[in-house]
Amino acid sequence: MPRCRLPAHPAHGHLIKRPFESLDGSVDYPHLLAPLDLGFTTLPNRVLMGSMHTGLEDRAKDYDRLAAYFAERARGGVGLMVTGGIAPNIEGWLKPFGGRLSMPWHVARHRTLTRAVHDEGGRVCMQILHGGRYAYHPLSVAPSRIKSPITPFTPRALSTRGVERTIRAFVDCAKLARDAGYDGVEIMGSEGYLINEFLAARTNRRDDAWGGSAEKRMRFPVEIVRRTREAVGRDFILVYRLSMLDLVDDAQAWDDVVRLGKAVEAAGATIINTGIGWHEARVPTIVTSVPRAAFTAITRKLKGEVALPLVATNRINMPDVAERVLAAGDADMVSMARPLLADADWVAKAKAGRADRINTCIACNQACLDHVFQNRVASCLVNPRACHETDIVIRPATQKRRYAVVGAGPAGLAASTTLAERGHAVTLYDAADVIGGQFDVARRIPGKEEFDETLRYFRHRLADTGVDVRLGTRVDAATLAAEGFDAVVVATGITPRKLSMPGGDDPRVLGYLDVLRGGVEVGPRVAVIGAGGIGFDVAEFLVEHVPSPTTDVARWTREWGVDLSHAVPGGLAKPAPEPPARKVWLLQRTPGTPGKRLNKTTGWVHRATLKAKRVTMLGGVAYERFDDEGLHIVVDDAPQVLAVDHVVVCAGQEPNRALADALGALGVATHVIGGADVAAELDAKRAIAQGTRLAASL
Ligand code: FAD
Ligand code: NAP
Ligand code: SF4
């Protein structure tokens, strides 16, 4: 059985002894850390690292990096890992020249990966993913010629021979995966990709042997599983990812899901993994505002219907959550993809009784899914080393120095802890009484409660790495110069932009920091000026009642119209949002509807949330003045008065460089990072990555 071995192998970067090596926390998570006997092999625990496209799967030259990424997670003790999706043929490519395993010469690159994982005692399955009508290229195919709402290409309907050819491609791909040394394959049957398209009347209008009734629609996945099992033999893991809740109309009924589960079991699957929601669904399934473990009830519904181990997925990110799901009998394993991007040592830390040291995935999607959708290599906001294991290497410093880091926001936290981990003497100053900078404000937004975890992680990391933390201390250049540090890392962040309009200095015109820190009372009618990320967050803060639905699965499913009893095919119900706590107007000067520049995979959720809360969103606004009547604006040449009690200004930010400039004038060596460096388009992803990379290089 693979053992969790720490510390990491020197060839892979971390040479530094970790604080979680000594304890044994297996008693804390008996279900999570219990082995799982699959008959021909035993998994060491119940953690499945779910498939996550990283952007490193597509080119042979990236497989060394991909191997290092998986090896680090194998070393961290994950029970079973699944790669990002690999297409079984060209038609199944997710995008042109995407990852594919269909030719013998493709095998070698995969061997690099499997060897690296096995050297660390891990196990890895390759996911076979046929994009179907979600494929982003003109060669896409589907059961029927029906375009998806999220891709520009209309797929070609597979002929009957084409269906047979596609099944053979899946089987051949699985055989090649076995040749490449994988421990198994996952057959991707959910999320609205090709197999899922065969299963739903919504996308399968065929009248041949592969459509027309639920039984016929089901034949495609069942034949793939049956023939794959015949081809690969009995001692090869075959995970089937089954869409248990489609969250679209005209989809599978629950009886069909159960029938498919049984058929897939009879056909030779080893494990059934859960899929929730098609990509075109208008219900969020993984973003941070989705409650933790929100969908495990649906996996539980299948328990007892099949004997195979079942895997629960979606928003399971901490060991106590996973343990609760398993102990309640909702599933036999938990799948986590992003949490293992965030922390390769997640399992090792749980095992060591050090869950408080886990760098928790906050489900922001900013560096993982958003990158993938922009054709960039995935990484992680809280862990910039993810998928960069070979280029961000944290080694002990050759020459130990004394550093001051000013600002305990994300940039300063990342820099100070990384510097100290490497052996430098670090003093971290912040004017505030708590760490976090703006992140400490962001965590107060409804649906961003996970941000607390990052601050908890950094609090421990500061202590573990021995950073000398001086909170409540605003430092100036003269003091720092007098201390004689070798260099000062300036991470002083930003200053909110002030608004210059008549009445802009009225006490009823508020800054977002005052509002979010709870220092002021806000009336029932509010105008928010500026509709960037912070404007949207402030609007959500103002319309939401406390506590937010993020912590309450029943309330959240009611608000979004999710029926976990799966009474109707697809599991959709009529959304019933709670009335807003206030009437809010969200305004921007740029013409058009606000929110177009929000993040790719989460922006639509913010827009939908505010729409449900009846927020009036206006673009093309000119701000005239604020007085006792309210906010005077002009939209499309028409003057209007918004009769509001308060205005909250979220008009962007300027870098806070005063300290950096003063230090420069005194000739002190400085490094400027985060918002203090560049405020435009600043986010915590850039701040943490910049702080980490700088500290790794000093
Ligand atoms: P800051 O976080 O601004 O920290 C600077 C620190 O320096 C402060 O703590 C300040 O007290 C300290 N300081 C300044 N001068 C001195 C001095 N002279 N002496 C001592 N201390 C000093 N980003 C995302 O990526 N995703 C999100 O979802 C997200 N949501 C957000 C929501 C809200 C409501 C807000 C306000 C921000 C959000 N952000 C988000 C932005 C993110 O928080 C910032 O980009 C990030 O905090 C910037 O980090 P930083 O370290 O550069 O600066
Ligand atoms: P932002 O995204 O740049 O938005 C600033 C807003 O203010 C824009 O809507 C802009 O739109 C308006 N504005 C700019 N100058 C103005 C002026 N002089 N008068 C009036 N309006 C003005 O910045 P932000 O909202 O402050 O967010 C800061 C950073 O935090 C962003 O870079 C963002 O990435 C990050 N963040 C991210 C998230 C997330 O969920 N990922 C959430 C919050 C924050 P107009 O010019 O059209 O008026
Ligand atoms: Fe999780 Fe955000 Fe990291 Fe993605 S980028 S793994 S969602 S913390």
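**Entry 1: ligand 2, polar contacts**

I began at ligand 2 and looked up the backbone of I534, where an N or O atom lies 2.9 Å from an oxygen atom of the ligand. The model I am reading is a predicted one. I then turned to G533, which also places a backbone N or O atom by an oxygen atom of ligand 2, at 3.3 Å. For T590 I looked at the side chain, and I noted a polar atom there at 2.4 Å from an oxygen atom of ligand 2. I next looked up how much of the ligand is covered: on its own, ligand 2 has 900 Å² of accessible area, and the protein covers 77% of it.

**Entry 2: ligand 2, the shell**

I listed the residues around ligand 2 and found 22 of them. The ones that come nearest are A531, I534, R589, T590 and L682. I sorted the shell by residue class and recorded 7 nonpolar, 9 polar and 6 charged residues.

I then asked which secondary-structure element gives the most to this shell. It is helix α17, spanning residues 533-543, with 3 residues. Finally, I checked the shell against the domain bounds: domain 2 (402-495 + 655-697) supplies at least three residues, and domain 3 (506-544 + 580-651) likewise supplies at least three.

**Entry 3: the open sheet**

I moved on to an open sheet of 5 strands and wrote down its order as β15-β14-β13-β16-β27, with parallel pairing. Which strands form the edges? I identified them as β15 (468-470) and β27 (670-672), each of which pairs on one side only. From one strand to the next, the twist of this sheet averages 20°.

Within the sheet I examined strand β13 (residues 402-406) and strand β16 (residues 487-490), which run parallel and are joined by 4 bridges. As a single example of the register, I noted that V406 has V490 in β16 as its bridge partner.

**Entry 4: the barrel**

I also traced a closed barrel of 8 strands with parallel pairing, and I recorded its path as β3-β4-β5-β8-β9-β10-β11-β12. Its twist averages 30° from one strand to the next.

I took one pair of the barrel for a closer look. Strand β11 (residues 310-312) pairs with strand β12 (residues 333-336) in the parallel sense, over 2 bridges. In this pair I found V311 standing opposite M333 in β12. For reference, I add that strands of a sheet pair through backbone hydrogen bonds, either parallel or antiparallel.

Conventions:
Residues numbered from 1 in each chain as written. Chains lettered and ligands numbered in written order. Predicted model: local features only at pLDDT ≥ 70, side-chain atom pairs only at ≥ 80, totals over all residues. Heavy atoms only, no water. Near = heavy atom within 4 Å. Polar contact = N/O pair within 3.5 Å; in protein donor to acceptor, adjacent residues only side chain to side chain. Areas by Shrake-Rupley, 256 points an atom, 1.4 Å probe, with all protein chains shown as cover. Nonpolar A, V, L, I, M, F, W, Y, C, P; charged D, E, K, R; others polar. Domains from an automatic or database assignment. Pairing = 2+ DSSP bridges. Axes fitted to C-alpha atoms, helices over the stretch in contact; angles between N-to-C directions.
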